[in-house]
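Open the model in your viewer and keep the selection tool at hand. The stops below go from the ligand to a pocket and then to the domains.

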Amino acid sequence: MIARILILLSGVLILASCQSDSNRRNTADAQIEKRIDELISRMTVEEKIGQTNQLTVYGTTEELCEKIRNGEIGSLLNVVDPADINTLQRAAVEQSRLGIPLLIARDVIHGFRTVFPIPLGQAATFDPALVEQGARIAAIEASAAGIRWTFSPMLDISRDPRWGRIAESAGEDPCLTSAMGAAMVRGYQGEGADDPTSIAACAKHFVGYGASESGRDYNSTNLTERQLRNVYLPPFEQAVRNGAMTLMTSFNDNDGIPSTGNRFLLEEVLRNEWGFDGMVVTDWNSAGEMVSHGFAADTKDAAMKAINAGVDMDMMSHVFSLHLKDLIDEGTVDERRLDEAVRNILRVKFRLGLFENPYIDTARIARVTYAPEHLEAARRTAEESAVLLRNEGNILPLDASALRSVLVAGPMADAPAEQLGTWTFDGEPDHTVTPLAAIRAAYGDRLHIGYNPVAAYSREKVTAAKLAAFTAQAASYDAILLFVGEEAILSGEAHCLADLNLQGSQSELIAAARRSGKPVVTVVMAGRPLTIARDLANTDALLYSFHPGTMGGPALIDLIFGNAVPSGKLPVTFPVATGQIPIYYARNMTGRPAAGNELLLDEIPVGAGQTSLGCTSYHLDAGFGPLFPFGFGLSYSTFEYADLQLDKEAYLPTETIRASCRLTNTGKRTATEVVQLYVRDRVGSTVRPVKELKAFDRITLEPGQSRTVEFELPAEDLAFWGLDMQKRVEPGTFDLWIAGDSQSGNSVTFTIN
Ligand code: NOJ
């Protein structure tokens, strides 16, 4: 009884402390709004326009300082020297009329100096807590350099690996992307935004950018409002709910409307429906590019359309600084809209505590950069992000004591800059540990380690003679570790591909290794899913690591030699052939779904007469299924799923579904399984996906150990935007799976009444 009272009491105390926290926040917010009112009332139109102007600079000049003193600039991006930043900030705070601090921004996308795996790799961890920690570390390092705003997380649902920016995404799924995005927002912004180590997050690119036609960057998208609301918008809404302070509009036009000029999305959805009170920035010159789109007649028209749509800050197209004054004088832009934009910008600056603490302690950067715990977190993230796709005969992990020699080969084995991946302006190859360096450090005293990159870089085409020499060399080693993939520059912004096979001679390199007759372990470091079907046959094991960052080498070597066990799962479907793209698991249910017994190209009898009866939805030359499904990943252990159960058979839309299963580690290693919960809504007012991920968890079990894994799924999570474009749970029958990937497992059925 006493214990119960204590528990109840502590509940009350927690509640009380939460309430006083929120009271404190409300008071702080009210004070901030008062200070903004006071400031805006003293600002000239020119000074207001200055706040909406973001410029890129790489250092400080007198001309720049003069502009800042005149109040012509609200934010700078790409200046990273703490001393420079203090100089620029001094011009703003001490020498401008109103003393408004600058907001210093940078693309800190997956780490600052300590580089974490690319976001697609981070998503493969299915470990939001770890991802949050990575973002926190990025914020600690970046803020020490004076950066208080990052253009991350990128929340574009990416179902097209041709698109180079899939590397920056969390993959194809709204649930996973929402979880990863929210984790990053929390990590960047920390406990309180005004903590000097906090940096404002920026949910980008709003919205639909990842669905560009043919996976070609900057291309148009044509998503319906229903697709936007059911698939593309939820991660942004979650980021807003988790406090993201800023949001960036995207480059694409959707259904003919460039995002930067889309009032429906920026005002209706973002502000009115979600209550966003942060700041909206354009992508780089995306306001100006509305002229190239033919959506604006000239840059003045573009400025008018952007500000009236709800954009607050212009990144680098200068259209606000050039035209807003005239537009206001002419009455095409209401000064109150400008005031609102300035208010949104100032609110971010106040919340970050920039008015109180505008300067950086220049000594901090040396203390925090590459701190041992940062490197350790990067190593662990790289380890959890690697996905084991093949392990014939359980060749992995290698037993170092049973080997005398290992040949390390391939263009990615010792390519420190390449393993960092895209968007790593601040990552330093000199501080990056490659697989070659890592294996030498860990096993150099025990194993004879040979090294032959064969190709100097991923695209290099090498001669048949070189490959033959490699086969001969490989035959004299006990095992071959091949590191192949993509140079960092082959993915990321504006780096799209039409062909997703391994570049250069890398497939031939894998085949040459195979001809040696020795065990071949292949590691692919890439910015996207590649079409590796033909390579799988030539390797005993394949570990897909995406670009793993600063500590990729030690993480991969630990995995290869069994000091760690792979637990990553694919955050995106791997196609058999590029022609299947877009291919993703949560596709709509179609008529004539593939039955699994389809005839492939060479099975169709010559001279067969045409018929469409009995034919199903598939490609003659690639079949129907993916090479690997979303959520897939092997372990050095095995897991068995059993006893899938629900607490009830029927639920009200207001109730919570309690689902559980028994997970057993049936292998010989302690290992972690990413347990995934999927749901199918059998009948809807509009066609529903075949399955949707609704929850996941990482469960670690010792050999032979069993555990009941439980999920609590609020039935309201089954809501979707149906025929009448209202979000609601539609009563009916549902299937539910708890499984190790999106394609396996048994289901149970329940109803929503
Ligand atoms: C353009 C990119 O699309 C965006 O993601 C990035 O944040 C800005 N440039 C700033 O570098």
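Select Asp107 first: a polar atom of its side chain sits 2.4 Å from an oxygen atom of the ligand. Keep in mind that this is a predicted model.

Add Arg165, where a polar side-chain atom is 2.6 Å from an oxygen atom of the ligand. Then add Lys204; an N or O atom in its side chain lies 2.7 Å from a ligand oxygen atom. How much of the ligand's accessible area does the protein cover? On its own the ligand has 300 Å² of accessible area, and the protein covers 95% of that.

Now show the whole shell around the ligand, which is made up of 13 residues. Among the closest are His205 and Asp283, along with the three already selected. Colour the shell by class to find seven nonpolar residues, one polar residue and five charged residues.

Next, go to the second largest pocket, with a space of about 1,000 Å³. Its lining has 34 residues, and those closest to the pocket centre are Arg25, Asp29, Gly192, Ala193 and Arg351. Select α1 (2-42), α6 (128-144), α7 (174-189), α9 (234-241) and α14 (335-351), the elements that each give two or more residues to this lining. The largest share, seven residues, comes from α1. By class, the lining of this pocket holds 11 nonpolar, 10 polar and 13 charged residues.

Finally, zoom out and colour residues 374-560 as domain 1 and residues 639-752 as domain 2. The centres of domain 1 and domain 2, taken over C-alpha atoms, are 36 Å apart.

Technical notes: Residues are numbered from 1 along each chain as its sequence is written. This is a predicted model: local features need pLDDT of at least 70, side-chain atom pairs count only at pLDDT 80 or more; totals for chains, interfaces and linings use all residues. Side-chain values use heavy atoms; hydrogens and water are left out. A residue is near a molecule or strand if one of its heavy atoms lies within 4 Å of it. A polar contact is a pair of N or O atoms within 3.5 Å; within protein, one must be able to donate a hydrogen and the other to accept it, and residues adjacent in sequence count only if both atoms are side-chain atoms. Accessible areas come from the Shrake-Rupley method with a 1.4 Å probe; for residues, only the protein chains shown count as cover. Ala, Val, Leu, Ile, Met, Phe, Trp, Tyr, Cys and Pro count as nonpolar, Asp, Glu, Lys and Arg as charged, and the others, Gly among them, as polar. Domain bounds come from an automatic or database domain assignment. On a 1 Å grid over the protein atoms alone, a cavity is a set of points where a 1.4 Å probe fits but cannot get out, and a pocket is an open set with protein on both sides within 12 Å along at least five of seven lines; lining residues have an atom within 4 Å of a point. Grid points are joined across faces, edges and corners, and a volume is the space filled by probe spheres set on the points. Helices (H or I, at least four residues) and strands (E, at least two) are DSSP runs, numbered from the N terminus.
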